[in-house]
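This report looks at pockets and strand pairing. The structure comes first, then the details.

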Amino acid sequence: MKRQLQAEHNTVVDVKRGDVTGDGTIDTVYLTADKTPDSPFWQNITLVIRNGRTNQYEKIFLKENAGYNPTIFLGDFTGNKMNDILIVINTGGSEGLIYAYVFSFMNGVFQQIFDSEVFNKQDQYDVTYKNHYKANVTSLNQKKKYAIDLTFKGDDYLVEIYNGDGTLKEPIRGWVSPLSGLYPVDFERDGIYELNAYQNIAGRYNADWLCYVENVLKWNGREFISARQNVAIFGQDFDAHKSF
């Protein structure tokens, strides 16, 4: 199979083996792509599945098929006792974003059950700076609100946007970026993986990171839903010999 793909001038960039069709035989899952000369950038990234029982293979073309470090993970996300296919591709942009897809064998065919672009459009947030060195992050879908203490950003940052009495010099709104990380984790240790999704919370510009939104996505039989949501802040350096 690998020789056949190479004969078609495709480079195999990742390969994993496991039963992804539920017939009890080990299948082989490839990502093939075209390499950009003198660059780690890959184009025409394609999912190829070799059926271990029939020796036939199937190609699945990805919506976003160019980027860096394309990888495969096999694991059961749906609870159907067979491996599903998680694909993650780094976009290479300054925000550190990713493309991600999950494919599952259902009703005799491979179906896409997760698309990072769809996820990014579904989740809605409001990020608003407040007086006295605070920012509020509101998750509109989950109906949760988080308060961030901005003093960890340092005095130089704060004096640019706050008056001496702690009031804002002008209104500031931030945003939650699209997915920057998606990790398979079996939180319940039951053999079924959840998707641990990370998104950057930005302030005035992309590199002005405030913290992360973390969503634990669980399959409910029809789609992935957020079973748990948290906001993770950055730790502040301190001198252990002084009071915190």
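Among the elements around the largest pocket, β8 gives the most to the lining, with four residues. This is a predicted model. β8 spans 109-115, and it is joined in the lining by α2 (116-122), β14 (209-219) and β15 (224-233), each supplying at least two residues.

The lining of the largest pocket holds 16 residues in total. Phe119, Gln122, Glu223, Phe224 and Ile225 lie nearest the pocket centre. By class, the lining has seven nonpolar, six polar and three charged residues. About 360 Å³ of space lies in this pocket. Where does the largest pocket lie relative to domain 1 and domain 2? Domain 1 (11-116) and domain 2 (123-233) both give residues to its lining, so the pocket lies between them.

The second largest pocket has a volume of about 180 Å³. Domain 1 (11-116) and domain 2 (123-233) both contribute to the lining here too, so this pocket also lies between them. Two or more lining residues come from each of β5 (67-75), β6 (84-90) and β12 (173-185). β12 has the largest share, five residues. The lining of the second largest pocket includes Asn69, Thr71, Phe73, Leu86, Val88 and Asn90. Ile98, Ser180, Gly181, Leu182, Tyr183 and Pro184 also line the second largest pocket. What classes do the lining residues of the second largest pocket fall into? Seven are nonpolar, five are polar and none is charged.

Next comes strand pairing. Strand β3 (residues 41-50) runs antiparallel to β2 (residues 27-35). β3 also runs antiparallel to β4 (residues 57-61), and to β5. The table gives the bridges and one opposed residue pair for each.

| Strand pair | Bridges | Opposed residues |
|---|---|---|
| β2 and β3 | seven bridges | Thr28 and Arg50 |
| β3 and β4 | five bridges | Val48 and Lys59 |
| β3 and β5 | two bridges | Trp42 and Gly67 |

Two of these pairings are hairpins. β2 and β3 have five residues between them, and Asp38 in that turn has a positive phi of about 60°. β3 and β4 have six residues between them. In the β3 and β4 turn, Asn55 has a positive phi of about 65°.

β5 links the two topics. This strand pairs with β3, and it also gives two or more residues to the lining of the second largest pocket.

Definitions and conventions. Residues are numbered from 1 along each chain as its sequence is written. This is a predicted model: local features need pLDDT of at least 70, side-chain atom pairs count only at pLDDT 80 or more; totals for chains, interfaces and linings use all residues. Side-chain values use heavy atoms; hydrogens and water are left out. On a 1 Å grid over the protein atoms alone, a cavity is a set of points where a 1.4 Å probe fits but cannot get out, and a pocket is an open set with protein on both sides within 12 Å along at least five of seven lines; lining residues have an atom within 4 Å of a point. Grid points are joined across faces, edges and corners, and a volume is the space filled by probe spheres set on the points. Ala, Val, Leu, Ile, Met, Phe, Trp, Tyr, Cys and Pro count as nonpolar, Asp, Glu, Lys and Arg as charged, and the others, Gly among them, as polar. Domain bounds come from an automatic or database domain assignment. Two strands pair if DSSP finds at least two bridges between them.
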